[in-house]
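The following note is offered as a colleague's reading of the model. It takes the strands before the loops.

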Amino acid sequence: MKTLPLFTIEQTINTYKYLFEPNPMFGMDFFADDFEAKDIVLLDDTKAGSQGIPIHFNYYALFLRIHGETKRTINQFNYLIKPQSLQLVNPGSIYSFKDTTNASRTYVLLFNKAFIEEDSLTVEIQDALLDFHRKCQQDIVLDTTQFAHAVSIYEQLSSELRAKNDDYKIVVKMLINQLLVLLKREKLHFGLKQNHTRAEQICSEFLVLIEEHYWQKKSVKEYASLLGITPKHLSETVKATLHHTALSYIHVRIIKEIQYLLCFGGMSIKQISYALHFETVSQLGRFFKRHEGMSPKAYRLKHRGVALYDKQYDSK
């Protein structure tokens, strides 16, 4: 399958610019003349009813939910994010979101790994910290004390990035690492398991395999074969452990990739169906409509104001 370039911070901000207001009280001003979306960006998303189409990106995203709830999808995982939630999303993820409440607010911190590595912790400590979060990606709902602590760190980040005093980048890197350590502690506090049951191990391996083969393999039988177990065993294990069907996890990941390619891939629907190993364009169309309630073409046209695809593909 054709591998598309991952979104940079700048591309993401330009795609989601409708979420931000000029002259914010917190964070950086997207509309300011000196605004630069390069190594680090801190923004305040207060847009009611926010919704974002799927994107792949090459940076870290650290979200602190202030109030309101939202549905967040990262690869094939779905999360209901509640107020006081802190979550780190890793590079290479395909990400989308949809608010479920009218009033909402999220502090959005985007940063590149290279930025926090310079003049920061040793490489070994930094890599170990980030690797921990790569393996443990769930969001954490902070208690009142830790939430206030996290808000305070974000506010310090905002102050440093606005003032840009001497050595402000050093202070910013230290504050980001404080957030990463705080999040690690909270994950451990809430019971990160060191020893997984056989069922949990099967589910973990299954989800990893989806990310490796979603563009080509679409059935529970194919993944069961890779795991060396029966389709029935895989289906029953996933349902009992994760409370959703194995097939639903496969389908969610495929749908997210189709949405991304429709909006950002510069590919015709025929090319997308070929890349994702659908037998025909019609088969892809039926699959997509069954899950999204609209045709691929209708989805592409709906998001033409946000997406960055070539308009020559509107009718294809």
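1. Two strands are said to pair if DSSP finds at least two bridges between them. Helices (H or I, at least four residues) and strands (E, at least two) are DSSP runs, numbered from the N terminus. The model is predicted, so to speak of local features a pLDDT of at least 70 is needed, side-chain atom pairs count only at pLDDT 80 or more, and totals for chains, interfaces and linings use all residues. Residues are numbered from 1 along each chain as its sequence is written, and side-chain values use heavy atoms, with hydrogens and water left out.

2. Strand E1 (residues 40-45) and strand E8 (residues 105-111) pair in the antiparallel sense, over 6 bridges. Within this pairing, Phe111 in E8 is the bridge partner of Ile40.

3. E1 is mostly covered, with 6 of its 6 residues buried (under 20% relative accessible area; exposed is over 50% and partly exposed in between, with a 1.4 Å probe and protein chains only). In a regular strand the side chains alternate between the two faces of the sheet. On one side of E1 lie Ile40, Leu42 and Asp44, and on the other Val41, Leu43 and Asp45; all are buried, and both faces are thus covered.

4. An open sheet of 4 strands follows the order E2-E7-E4-E5, with antiparallel pairing. Strand E2 (51-56) and strand E5 (77-81) stand at the edges; each has a single partner strand, so one side of each is left without a neighbour in the sheet. From one strand to the next, the twist averages 15 degrees (axes are lines fitted to C-alpha atoms, for helices over the stretch in contact, and angles run from 0 to 180 degrees between N-to-C directions).

5. E2 is joined to strand E7 (residues 94-99) by 4 bridges, and the two run antiparallel. Here Gln51 stands opposite Lys98 in E7. Helix H9 packs on the sheet and touches E2, strand E4 (70-74), E5 and E7, its direction making about 90 degrees with that of E2; contact means heavy atoms within 4.5 Å.

6. Lys164 is placed in the loop between helix H4 (144-163) and helix H5 (168-189). Its phi is near 50 degrees, a positive value in a residue other than glycine. Lys164 counts as partly exposed because its relative accessibility is 43%.

7. His243 is placed in the loop between helix H8 (231-242) and helix H9 (246-264). The phi of His243, near 70 degrees, is likewise a positive value in a residue other than glycine. With 58% relative accessibility, His243 counts as exposed.
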